[in-house]
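This report describes selected features of the structure shown below, beginning with the ligand site and continuing to a sheet, its helices and a loop residue.

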Amino acid sequence: MTQNVTAAPAATDSASARQWWRDAVIYQVYPRSFADGDGDGMGDLPGITARLPHLRDLGVDAVWLSPFYASPQADAGYDVADYRAVDPMFGTLSDAETLIREAHALGLRVIFDIVPNHCSDRHEWFRQALREGPGSAVRDRFHFRPGKGAAGELPPNDWESVFGGPAWSRVPDGAWYLHLFAPEQPDFNWDHPAVHEEFRSVLRFWLGLGVDGFRIDVAHGLVKASGLPDIGHAEQVKLLGKQAVPYFDQDGVHAIYRDWRRILEEYGAERIAVAEAWTPTVERSARYLRPDELHQAFNFEYLTTGWDAAALRAVIDRSLTAMNAVDAPATWVLSNHDVVRHRTRLADGDAARGLRRARAATLLMLALPGSAYLYQGEELGLPEVTKLPAEVRQDPAFFRSTGQDGTRDGCRVPMPWSGRRRPFGFGPVAGGPSWLPQPDSWEHLTVAAQTGDPASTLEFYRRALAVRRTHPALGAGRDIAWLPSPEGVLAFRRTAPGGAFVCTVNLTAAPLAVPTPGTPLLASAETEPGAETEPGAETEPGAEVESGVEVEPGAGRTVLPADSTVWWAA
Ligand code: NOJ
């Protein structure tokens with residue numbers, strides 16, 4: 001193993017250019033399902049490295065990898081047994097170094113997942129804690145407690161696991177330990193100094209290998225209210241619960257992130273961290289982004305907002321206000337490995353409507369000031385796979401049926417790359433395995449099938465990211481100016497020294513005429529025969545205008561198709 005730090009791409013002397021994360025488009029790779037280099041049916045690091053050119057061609061700035069560390073895979077790798085080792089099913093440490101180096105060579109930054117709330121029950125500390133029995137000092141690094149009831153047969157408090165069932169499990173010697181997720185994921189006790197020291201060391205380990213940042217799993221969960229008090233009310237562990245609970249979003253977490261910020265800065269100002277913090281409001285999320293804490297937090301309130309103009313406008317406004325108050329970039333996200341893919345979530349049961357809305361939602365998201373997260377496969381318009389047989393499912397929440405999730409395998413089905421037979425280039429051999437089966441219909445959704453087809457979702461994403469990268473009013477920023485618009489339509493302007501930009505979104509089920517705000521740059525609607533841009537309308541050099549934008553000649557009005565977004569140079 002070498003300890004060489006590989007230079008991150010695009011570093012410059014200018015302070016604003018160094019803050020690359022303020023407008024970055026960050027692409028989430030789910031390692032199990034991105035690309036399988038060795039043909040065992042499971043994605044791996046060499047597979048990802050070989051496919052990095054796809055991400056360069058797509059035009060993203062950075063790639064975030066979900067965990068690939070040594071793990072028994074009780075929660076698909078979010079149960080880490082060794083934070084400094086790559087699980088053999090994903091490759092080796094040297095494969096991780098190669099991935100970082102190759103990504104940097106392609107101009108892509110690399111963000112790894114860190115899982116500090118809990119580890120695996122196969123982690124050496126937890127095994128030692130079990131071996132040594134009651135009274136072992138190592139048990140203090142977790143939350144071990146005696147049970148309630150005459151014989152200690154009841155859990156120590158009333159907390160429930162996010163995956164369903166009690167948040168406590170009992171070990172053979174009678175003690176109970178806390179796990180907010182699966183029983184195989186014991187929670188660390190962040191009141192213990194050894195836990196702090198260990199994670200400082202883990203951060204430095206990966207920073208030393210050249211990683212550009214971390215996505216912090218369950219960032220809001222590390223500190224529990226002292227005494228682990230009962231909740232006493234019905235609302236238990238909902239990730240986006242509106243009620244305060246004693247295990248999430250406790251004030252004590254912020255000292256940890258101030259400490260981590262100092263560590264990141266030991267490696268320069270370009271290393272970042274993004275919080276996965278399911279807080280009740282964007283205002284609470286902003287607290288993680290105060291200037292001496294983290295750089296970004298996922299905007300789950302945005303993700304969970306439906307296809308509704310007023311609700312979206314409200315969450316956009318509140319997000320910008322909250323983030324501006326701490327001088328942090330807003331972030332936007334529509335899909336990830338824990339939620340139903342937005343193509344299906346927004347469909348209301350109609351697949352064609354789902355694709356229309358998904359493309360329109362993506363174009364809205366990419367027009368907003370700040371940074372955006374994409375989840376692998378959304379650039380192909382992949383739907384959720386809703387009909388997986390029970391015997392292939394692996395999501396632990398599926399087996400703990402009262403959990404709030406339980407359906408997360410459907411967004412984790414391996415990527416289709418090419419060819420006419422499953423696994424569609426996911427693995428090296430046609431007809432070879434994939435850990436979850438892809439639908440046959442994905443033959444038409446592969447990267448190869450969509451490349452070069454101007455009507456495809458892939459080419460649409462490539463164009464959108466290219467325009468976002470080059471238009472002066474897109475990307476980083478703090479504000480948007482809402483324009484008057486009919487009910488069900490969102491319209492806003494962004495201005496920059498080099499040019500102005502307008503985004504219009506028709507969220508209604510019918511075409512709607514709006515005043516033409518400028519020259520169309522890009523539209524989300526699929527090609528509709530007969531639709532054309534205004535005769536004589538000038539198009540930005542190099543920008544390709546998709547059909548579907550119908551301008552009423554002479555009337556100064558444009559018909560926005562149902563469920564569509566249009567970008568304009570204004
Ligand atoms: C959030 C991760 O995104 C999810 O996949 C995981 O199950 C939980 N945290 C527990 O680590």
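## Ligand site

In this predicted model, a polar side-chain atom of D217 lies 2.7 Å from an oxygen atom of the ligand. H337 also makes a polar approach: an N or O atom in its side chain is 2.8 Å from a ligand oxygen atom. For R215, the separation between a polar side-chain atom and an oxygen atom of the ligand is 3.0 Å.

The ligand is surrounded by 13 residues, of which D75, D217, H337, D338 and R408 come nearest. D217 and H337 thus appear both in this nearest group and among the polar partners described above.

## The five-stranded sheet

Five strands form an open sheet in the order 14-15-16-21-18, and their pairing is antiparallel. Strand 14 (481-482) and strand 18 (519-523) are the edge strands; each has a single partner, so one side of each lacks a neighbour in the sheet. Helix 10 (residues 309-325) packs on this sheet, where it touches strand 14 and strand 15 (489-496). The direction of helix 10 makes an angle of about 30° with that of strand 15.

Within the sheet, strand 16 (residues 499-506) and strand 21 (residues 564-569) run antiparallel and are joined by 6 bridges. One residue pair can be named: N506 has S564 of strand 21 as its bridge partner. In general, the strands of a sheet pair through backbone hydrogen bonds, in either a parallel or an antiparallel manner.

## Helix 12

Helix 12 (residues 351-367) lies across strand 15, strand 16, strand 18 and strand 21. Relative to strand 21, helix 12 runs at about 35°. Of the 17 residues in helix 12, 13 are buried, which leaves the helix mostly covered.

From its first C-alpha to its last, helix 12 reaches 24 Å, close to the 24 Å expected for its 17 residues at 1.5 Å a residue. At the start of helix 12, a side-chain oxygen of D350 comes to within 3.0 Å of the backbone nitrogen of A352.

## A loop residue: S441

S441 belongs to the loop between helix 13 (396-399) and helix 14 (447-450). Is S441 buried, partly exposed or exposed? Its relative accessible area is 45%, so S441 is classed as partly exposed, a category that lies between the limits of 20% and 50%.

The C-alpha atoms of S441 and R422 are 9.9 Å apart in space, while the two residues are 19 residues apart in sequence.

How values were computed
Residues numbered from 1 in each chain as written. Predicted model: local features only at pLDDT ≥ 70, side-chain atom pairs only at ≥ 80, totals over all residues. Heavy atoms only, no water. Pairing = 2+ DSSP bridges. Helix = DSSP H or I, 4+ residues; strand = E, 2+ residues; numbered from the N terminus. Contact = heavy atoms within 4.5 Å. Axes fitted to C-alpha atoms, helices over the stretch in contact; angles between N-to-C directions. Expected span 1.5 Å × (residues − 1). Buried < 20%, exposed > 50% of the residue type's maximum accessible area, 1.4 Å probe, protein only. Polar contact = N/O pair within 3.5 Å; in protein donor to acceptor, adjacent residues only side chain to side chain. Near = heavy atom within 4 Å.
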